[in-house]
Amino acid sequence: MDSLGEFEQSILLAIVHLRADAYGVTIRREIEARTGRPVTVGALYTALDRLERKGYVSSAMSGPTAERGGRSKRYVKIRAAGAAALRESRARLARMWDGLEDDLTRSRS
Amino acid sequence: MIAGPPRLAELVVAWSLRAEERAAVLGDLQEEFSTLLAADGRSAARRWYWTQAIRSFLPNVTRRHAASRRSAAMFSTDTIAQDLVFGWRMLRRRPLVTTIAVLSLVSGLSMAAVVFNLLNAIVLRPLPVENPDRLMVLLARRGANLNHNFSYPDFQDYRARQQTFVDLTAYSRADVTVRLDAGSEVLPAEFVAGSYFTTLGVGTRFGRGLTDADVTAGAPLAAVVSDRLWRRIAGDGAAFDGRAVTINDRPFTIVGVAAPGFGGMIVGRDVRVWVPLTHRELLEPGRAITTDRFVSWLTLVGRLKPGVNENRAAADLDRIEAALGPAVQRTEQRTFVLAAGGQGDSMLPSIVASPLRLLLGAALLVLVVACANVASLLVSRTVERGREIAVRTALGASRLRIARMLMVETLLLSGVGAVFGMGVSVWAARLAVRLITQFGEPVAVNIGVDWGLFGFVAAAALATALLSALAPIVHVLRTPAAGGLGVGGRQVSAAPAAARLRSGLVVVQFALSLALVGSAALLVRTIVNLRAVPTGFDLDHVALVAIDPVAAHLGPDQAQQFLHDVESRLAAVPGVRAAAYGRIIPIGFGGSRGSIAVPGYLPAADEDMEINYNAVSPSYFDATGIARADGRIFSDADPLTGPIPAVVNETMARRYWPGGRAVGRLFQFDGADGPPMMVVGVVVNVKYRMIREPDAPSFYLPYRRVGRPRAGIMHVRVEGDPAALLPELRRVAMSVDPRVPVSDVRTLRDQVWRNLSTERMAMTIAVALGGAALLLAAVGLFGAMSNLVGQRRREIGVRLALGARPSEVARLVVGQGLRLSLLGSLLGLGLAFWLGRLLEARLYGVAAFDPFSLAASVAVLAGVAAVATWAPAGRAARTNPVDALRAE
């Protein structure tokens, strides 16, 4: 299983947060709101493409809406493999952090 | 109005995206733009949109490019180039496998190409005339038959009155004697109308074509010669100088040299000389054929005017004939039928078209057998390469990609096969064309590479590649992907499936081979039967010498004397029993027919009273061995006035004088006013035109009572083998009068053989095809069994270790091979029966379903299968059990 990049993890987690309402705009806002880092549409879709090819997410087009100039939304759902990859990334990171909490908090102070 | 996102930025984004993404991404951007517009104002929203557009541009374009590469990977040129290079390396690494595959393809493709080449040269390709599809041959309906020939006066009237053709022209085939430096030679010629060259659109290399002025009475003697004859007369590169050439003893001025490649209007006949048809008299002095409206001898061809179809043209001719016929007191009703004239009114294409089409079908079956070999080899190769393929799959190559790799390899193989096959086919077709004769003469057709052949071979090679790749690709797609990556590279999982596939291919090969060998057997039996058909002649002791006293311009008396002299000189040659003149060459496709009236005999309503006859000298029956059944033969002592003594055949005697003796009865030519003919004797039936003809009435007249002497045949019956005497007979015949050309000297047996040329051609090619299929199937079986023995080495080792005898192991392998061949043979029986039905019309004395032929074919196939499995069986028997088990 490939390890996930930070941006990919952010996207997957945003999708989980958003549940049924995950699409381009909401995912971007969710990440920006939680991390404070700007996300460009191009980067987002590139990452979504990659995640979809790996089988971590699936997407489906909705019907067109007026507020979007009559364009459809691409709703994204996380798949079991994506959830597993997230857990695996978190576990891996946790193992790396193991026993370092104190050192890092101390050095910071 | 709601302000939208900046138009230009939107366009930039749209352009950078894939079409499928546009709705989602542009929708997202617009949605956020609207939100920002409401919250922060127009300029902030616009700035944001532009920033997004610019910063997303590169990722978008990269994504689009990657996606298009993914979808195009199957067909992108660089990966195909990789596959080509790789495929070439793989082929070179296994030279034996590659050689067998290429040889299989070369033999399969060249066989098909040979037959196609013949079909193309004789049947498909029009003559080298301008716009051949606008040429029409004029035929006249006469009862149930079609008349192919017309008289010169009729032609002139039709030509002058017709309105639907650009022009009409007329020609007649003939042989003329041309005096060359090397001596006189009989050459194919055409007597033509003045409109011949212009109507056909045939150009000249030098000078001009013949014109109407050359055809008028009293015009100077003018001729056009072929490019080849011109080179022989004047030499290569000689300037055109309007020199004269002697044709049938008259000096003709050469007014033109025909365009190179043009050889007249009859397919298979390479005309060297074109002479105005008004000189027809050269062939039969004293006979005013050109002015006689009731002597039909010309083929009429017209070029349709633009926009006119054949129905309208035929109607126009019918209209002319409706007025002309009664005016010239024509008794028969004549209506016109127009036929495609791109090949003139040639007979050869119609004779060989159907056998050649059948043979082409058979050749394509051979090609399928060859494909099975290639497929079989590739299947076993994919097993050997199982590990490599597994690695590729693991590294991300899709199965489709691997299938494509196989496809590229088969394309390479068939490409190499096609190049060699085309070369071989041209060479082989030149040999094969010698098998085809027309009226017993070899045919001249242009065999070579043209676009038609090229297209055929390319299409066949492509189909071959697709067909050959099918089995290995199916095999790869069905094999589990992980199968090849076992420990130590043992690909046990794919091997049994591959072996089954190869066995299946062998069964198909033997099934097709049986059908082809069975059909060839039917044709061989046909030839054997035809050779045994009684002809009525003493086939083994007669020689034929063709002479033409007319070409030498002998007067009637001189010609008479000449024939008499030749006859007695030939009869005096040691070993000769008898010699005689006869006008018609035996079993030579052609002959003379005449309508007769028999007093006291009432013909049925549709009975054809036109029957064969021959003008012969009295010793003809001795010289050919035709047995007398009743009465006497006419003799030189018979008076030259009064009833003409006639000898009739048994069928004629029985049909017209049933129940009584024919001898002493009278009959005459219908409508003729000369003396009647009186039957003096009856002889047994002989084959007149063809071996295959049914018995028909015919009669013989003394040649001295039938018009002037004409070109004919000296029949010489000898004691021993006539072939040995041929040079001597030719020498003697030529010595009588050096001016008289002696064109052809051959045995009667040879003449019969030539009569069967179409059947022989079909048989020879069918046997070659059957043999090739069998050989290819044997190679396939050999490969499959060798492979099997290799795979089951361990099992064989165990058997031997447990006490099995080597001979038992060998029997096992041979048994397996025989089972496959027998299964194939059984499956092929149905196909063989079907092919037999297609051949039915060409068979003689053998049924379409001939148990003997089929049983013999099955036996031959089994024998070949036994031989093909011999080596693998021997290898299995020699297996050393210890080595076999240790190798695992």
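# A tour of the predicted two-chain model

Start with residues 482-492 of chain B, where pLDDT stays under 50. The model has 20 contacts beyond four places in sequence for this stretch. This is a predicted model, and confidence is worth checking before anything else. Where pLDDT is low, the predicted coordinates should not be read in detail.

Now colour chain B by pLDDT. The average is 87, and 95% of the residues score at least 70. Which elements of chain B have the lowest and the highest mean pLDDT? Select helix α12 of chain B, residues 386-394, for the lowest, at 70. Then select helix α17 of chain B, residues 620-624, for the highest, at 96. For the complex, the predictor gives an ipTM of 0.88 and a pTM of 0.73.

**Chain A**

Hide chain B for a moment. Chain A holds five helices and two strands. Follow chain A from the N terminus and the elements run α-α-α-β-β-α-α. The C-alpha trace of chain A spans about 55 × 30 × 20 Å along its principal axes. Of the 109 residues in chain A, 30% are buried. Take the contacts in chain A between residues at least 6 apart in sequence: 48% of them join residues at least 24 apart.

Select A:Ala20. It sits in the loop between α1 (6-18) and α2 of chain A. Is A:Ala20 buried or exposed? A:Ala20 is exposed, because its count of other C-beta atoms within 10 Å is 6. Next, draw a distance from the C-alpha atom of A:Ala20 to that of A:Arg37. These two residues are 17 apart along the chain, and the distance is 23 Å.

**Where the chains meet**

Show chain B again. Here 17 residues of chain A are in contact with 19 residues of chain B. Select α2 (24-35) and α3 (41-54) of chain A: each supplies at least two residues of the side of chain A that touches chain B. The most come from α3(A), with six residues. Colour this side of chain A by class and you find five nonpolar, six polar and six charged residues.

**The cores**

Move inside. The largest nonpolar core has 183 residues. Which of them touch the most other members? Select B:Val115, B:Ala223, B:Val273, B:Val366, B:Leu769 and B:Ala773. Then show helix α21 of chain B, residues 757-791, which gives the most to this core, with 20 residues.

Centre on B:Val273. Leaving out residues up to four places away in sequence, B:Val273 touches B:Val176, B:Val178, B:Leu187, B:Ala189, B:Ala223, B:Val225, B:Leu229 and B:Ile247. Apart from the largest core lies another, of 66 residues. To find this other core, select B:Ala543, B:Ile584, B:Val679 and B:Val718, which are among its members.

**Last stop: helix α22 of chain B**

Select residues 793-801 of chain B, helix α22. The buried residues of this helix are B:Arg793, B:Ile796, B:Gly797, B:Arg799 and B:Leu800. Look down the axis of α22(B): these residues cover an arc of only 160°, so they lie on the same side of the helix. An α-helix has 3.6 residues a turn, so residues three or four places apart point the same way.

What do the buried residues of α22(B) pack against? Show α21, α23 (806-839), α24 (851-877) and α25 (881-886) of chain B. Finish just after α22(B), at B:Gly803, which takes a positive phi of about 105°.

Technical notes. Residues are numbered from 1 along each chain as its sequence is written. Chains are lettered from A and ligands numbered from 1 in the order in which they are written. This is a predicted model: local features need pLDDT of at least 70, side-chain atom pairs count only at pLDDT 80 or more; totals for chains, interfaces and linings use all residues. A nonpolar core is a set of buried Ala, Val, Leu, Ile, Met, Phe, Trp, Tyr and Cys residues joined through C-beta atoms within 7 Å. A residue is buried if 20 or more other C-beta atoms lie within 10 Å of its own, exposed if 12 or fewer, and partly exposed in between; C-beta atoms are placed from the backbone. Helices (H or I, at least four residues) and strands (E, at least two) are DSSP runs, numbered from the N terminus. Two residues are in contact if their C-beta atoms, placed from the backbone, lie within 7 Å. Ala, Val, Leu, Ile, Met, Phe, Trp, Tyr, Cys and Pro count as nonpolar, Asp, Glu, Lys and Arg as charged, and the others, Gly among them, as polar. pLDDT is the predictor's confidence in each residue, from 0 to 100. The arc is that of the directions from the helix axis to the C-beta atoms.
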